[in-house]
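Biologist: I would like a close look at one helix in this chain, covering which of its residues are hidden, what hides them, and how the helix sits against the rest of the fold. Could you take me through that part in a connected way?

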Amino acid sequence: MATISLRKGNARLPPEVNRVLYVRNLPFNISSEEMYDIFGKYGAIRQIRIGTSKETRGTAFVVYEDIYDAKTAVDHLSGFNVANRYLIVLYYQQAKMSKKFDQRKKEEEITKLQEKYGVSTKDH
């Protein structure tokens, strides 16, 4: 019911607010049904993607149908305790995620070049 009052009050949302949430610190064995139970209380969900690889375990993306539902979920679920783990719920920001990926890619390139040319980073 709080979302209705937000819409009618013409409340201006911060620029980082969007429908896609990035969730960290999830229990590794959490099921899709449990995710829908937890996040579905705050509005209609379009999609949930749970990380399965070694690098993405314990993370998920939750996409809401409505931006106000996503805001309500972030407000209520940040710090929520699930199986003795406190959830970190953030708005997905493409710029930050691609920057992190680019950084990792550059580090891999540097490592390959160092191996190719026999350069050591250790001081003699």
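Modeller: What follows begins with the chain as a whole, turns to the sheet, and then comes to helix H2 and its surroundings.

The model is a predicted one, and its chain holds 4 helices and 6 strands, which follow one another along the sequence in the pattern α-β-α-β-β-α-β-β-β-α. Of the 124 residues, 27% count as buried, and the accessible surface of the chain comes to about 9200 Å², with 51% of that area belonging to carbon and sulfur atoms. Among the contacts in the chain with a separation of 6 or more, 66% are made by residues 24 or more positions apart.

The sheet is the background against which H2 has to be read. It is an open sheet of 4 strands, arranged in the order S2-S3-S1-S6 with antiparallel pairing. Strand S2 and strand S6 (88-91) stand at the edges, and each has a single partner strand, so one side of each is left without a neighbour in the sheet. From one strand to the next, the twist averages 20°. Within the sheet, S1 and S3 pair in the antiparallel sense over 4 bridges, and Tyr22 stands opposite Phe61 in S3. Helix H2 packs on this sheet, where it touches S1, S2 and S3, and its direction makes about 135° with that of S2.

As for the helix itself, H2 spans residues 32-39, and its buried residues are Met35, Ile38 and Phe39. Seen down the axis of H2, these buried residues fall within an arc of 80°, so they line one face of the helix. On the other side of H2, by contrast, Glu33 and Asp37 are exposed, where exposed stands for over 50% relative accessible area and buried for under 20%.

The cover over the buried residues of H2 is drawn from several elements, including strand S1 (20-24), strand S2 (45-50) and strand S3 (60-64), together with helix H3 (67-77) and strand S4 (81-82). Strands S1, S2 and S3 are also the ones that H2 touches where it packs on the sheet. Helix H3, which is part of that cover, has its own place on the sheet, for it lies across S1, S3 and S6 and runs at about 150° to S6.

How values were computed
Residues are numbered from 1 along each chain as its sequence is written. This is a predicted model: local features need pLDDT of at least 70, side-chain atom pairs count only at pLDDT 80 or more; totals for chains, interfaces and linings use all residues. Side-chain values use heavy atoms; hydrogens and water are left out. Buried means under 20% relative accessible area, exposed over 50%, partly exposed in between (1.4 Å probe, protein chains only). Helices (H or I, at least four residues) and strands (E, at least two) are DSSP runs, numbered from the N terminus. The arc is that of the directions from the helix axis to the C-beta atoms. Contact means heavy atoms within 4.5 Å. Two strands pair if DSSP finds at least two bridges between them. Axes are lines fitted to C-alpha atoms, for helices over the stretch in contact, and angles run from 0 to 180 degrees between N-to-C directions. Accessible areas come from the Shrake-Rupley method with a 1.4 Å probe; for residues, only the protein chains shown count as cover.
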